Amino acid sequence: MKRTGYYLLTVLSLLLIACEREDIPTNPESGKSIVILSDNDVHCAIDGYTRLAGLHDAIETSDTAWVATVSCGDYLQGGNAGALSRGQYIVDVMKEVGYDAVTLGNHEFDYGMDRMQELMPQIGVPIVCANLYKNGSSEPCFASYTIKEYGDRSVAFVGVTTPESMIGESYSFYDNDGKQIYDLRTDYVCNLVQIAVNQARSLGADYVIVLSHLGEEQPALGLTSHQLIASTRGIDALLDGHSHSVIPHDEVANLDGKMIPISQTGTQFANVGKLVISASGRITTSLVPLEDIPYESASVSAAIDKVHQGLDQVTARKVAHSDFDLIMRDADGNRLIRRGETNLADLLTDAVRYVMDAQIGLFNGGGFRNGISAGTITYGDIANAQPFDDHLAKFEATGADILSMLKRCTSSLPSEEGQFPQVSGLRYTIHQQSDTVSDVAVFDEGSGDWIPLDPAGRYTIASSDYYARGGFYDTLKGSKQLAYSTGLVRDALADYMEKNLGGVIPAIYAQPQGRITVLDD
């Protein structure tokens, strides 16, 4: 793709970024290094795309190295640009970047399979994923790999995504009656990747790079990127995503005992990944902090500006004011909302419980993406905090099912858990060493007392439509559905702030209210 706004690097700075000094070619056309720039888990941080493309352009224009750009997934969701356009704004920017190959992350399934398959072709580059199948089909929904030529050498990009999506985004894989339509082949991921690697090699690929959205944390389903490498052969390097890990360079032995490099950039363009295949064939990986990239692409910047203009028309509305931050992360940047109570979660669960007139408000920690800073709160701040297209729902569950849900969804502590239950009208204590839950009680509006949860009792719960259909590892799947609303969760939160709280967040939300106690016993 032809781009405008190229920036030239000096020969010295280019060599520092793109090449190993001992590989400076004597024949520039046949001996150039191959530089592969990568991103993962951008989560709608669209402003970074112009520097990614600018760095690509600078290297390409200098003509001292071949250059490619790839993505390892999770770009369609995570902020306003995705949420308010159901992914369209993200695709509009990405197609200007000029990727060589892109794989799928779990959040590419957030808007449903039909929407994902509508958006992906618009990027205009090969989408690679070896393990996404429609039931009954012998061929994957997207190509398992693509082969690109760089001078006289060829690189195959093989894609693979986490089977965890079949839990977290199950609505994309099952119809409303629970019938499975799509599959991520949980038990066969390594085999499918190996087949793709073998096919690419048989077609003459000199190098095989895996674009992975498996991550470094052991999931409920599937495997980690390290386990994939350890179970295969013929892969030269793996660029990873999903766990938001910052890994400039790691190595793991494959089936033949060969050490294979793995790298991951973190999230939201903290870094750009840089994999270099030198003229002699040596592969190195490293990270380039986005703030250290002085280059931009004029065409990508123009696409980003257009998105911001569209967003501003929706997000600028002032909703409320807060004298304190509404948080989802702790002081070290860890996602506290996935392992403990936060004031933002208290506020949102109060809002959905009030709007749906239920005894309990329930929402998962993974449903939050950003906190809200003190000061004026706009609709954009709220949508950025809760960017998913979740509709309000009300259902009924037994006390026994609620207790089972609490135990199951807190059993990963102290590790982060996307299904961690944030609550309103309910309180409970977690014993993280023994994986038990105690002191579960429901607030009684009439008496103002906390009443112990009755396993045989039935309780009304306000949440999102997805979790009403099951969610929380299907622990509430058999619940009786009472009501659905066309209103979105983020709109309920905005209305609650604006109308019920009178546009001022009260001091009771300055700190978590003690609904969830976590004990290290």
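# Rings, helices and buried side chains: a guided look

Guide: Let us begin with a charge and a ring: the charged end of Arg-185 sits over the ring of Tyr-133, 3.9 Å from its centre. Please keep in mind that this is a predicted model.

Visitor: What makes the charged end of Arg-185 count as sitting over the ring of Tyr-133?

Guide: The distance part is easy to follow: CZ of Arg has to be within 6 Å of the ring centre, besides being within 35 degrees of the ring normal. For Arg-185 the distance to the centre of the Tyr-133 ring is 3.9 Å. Another such case is Lys-32, whose charged end sits over the ring of Trp-66 at 3.7 Å from its centre.

Visitor: How many aromatic pairs does the structure hold?

Guide: There are five aromatic pairs.

Visitor: Why is the pair of Tyr-354 and Tyr-496 called tilted?

Guide: Their ring centres are 5.8 Å apart, and pairing asks for centres within 6.5 Å. The planes stand at 55°, which is neither under 30 degrees nor over 60, so the pair is tilted.

Visitor: Why can one say that this pair ties together parts that are apart in sequence?

Guide: Tyr-354 belongs to helix H10 (residues 343-355) and Tyr-496 to helix H14 (residues 489-500), so the pair links parts 142 residues apart in sequence.

Visitor: Are these two tyrosines, Tyr-354 and Tyr-496, buried or exposed?

Guide: Tyr-354 has 51% relative accessibility, and exposed means over 50%, so Tyr-354 counts as exposed. Tyr-496 has 11%, and buried means under 20%, so Tyr-496 counts as buried.

Visitor: How do you know that H10 is roughly perpendicular to H14?

Guide: Their axes come within 9 Å and cross at roughly 90°. An angle from 65 to 115 degrees counts as roughly perpendicular, so that is the name for H10 and H14. Among the residues that meet are Leu-347, Ala-351 and Tyr-354 in H10, and Ala-492, Leu-493 and Tyr-496 in H14.

Visitor: What makes H2 roughly antiparallel to H9?

Guide: The axes of helix H2 (residues 49-62) and helix H9 (residues 298-315) come within 8 Å and cross at roughly 170°. Over 145 degrees counts as roughly antiparallel, so H2 and H9 earn that description. Tyr-49, Thr-50 and Ala-53 of H2 make the contact with Val-300, Ser-301 and Ile-304 of H9.

Visitor: Why is Gln-77 called buried?

Guide: Its relative accessible area is 1%, and the cut-off is under 20%, so Gln-77 is buried. Gln-77 lies in the loop between strand S2 (65-71) and helix H3 (80-83).

Visitor: What does the side chain of Gln-77 reach?

Guide: The side chain reaches the backbone oxygen of Pro-387 at 3.4 Å. A polar contact needs N or O atoms within 3.5 Å, so this distance meets the limit. Beyond its neighbours within four places in sequence, Gln-77 is in contact with residues including His-43, Cys-44, His-107, Asp-110 and Phe-388.

Visitor: How do you know that Cys-190 is buried?

Guide: At 19% relative accessible area, Cys-190 falls under the 20% cut-off, so Cys-190 is buried. Cys-190 lies in helix H7 (residues 189-202). Not counting residues up to four places away in sequence, Cys-190 touches Leu-223, Leu-228, Ser-231 and Thr-232. Cys-190 and Gly-222 are 32 residues apart in sequence, and their C-alpha atoms are 9.6 Å apart in space.

How values were computed:
Residues are numbered from 1 along each chain as its sequence is written. This is a predicted model: local features need pLDDT of at least 70, side-chain atom pairs count only at pLDDT 80 or more; totals for chains, interfaces and linings use all residues. Side-chain values use heavy atoms; hydrogens and water are left out. Rings of Phe, Tyr and Trp (its six-membered ring) pair if their centres lie within 6.5 Å; planes under 30 degrees apart count as stacked, over 60 as edge-to-face and the rest as tilted. Helices (H or I, at least four residues) and strands (E, at least two) are DSSP runs, numbered from the N terminus. Buried means under 20% relative accessible area, exposed over 50%, partly exposed in between (1.4 Å probe, protein chains only). A polar contact is a pair of N or O atoms within 3.5 Å; within protein, one must be able to donate a hydrogen and the other to accept it, and residues adjacent in sequence count only if both atoms are side-chain atoms. Contact means heavy atoms within 4.5 Å. Axes are lines fitted to C-alpha atoms, for helices over the stretch in contact, and angles run from 0 to 180 degrees between N-to-C directions. Angles under 35 degrees count as roughly parallel, over 145 as roughly antiparallel, 65 to 115 as roughly perpendicular and the rest as oblique.
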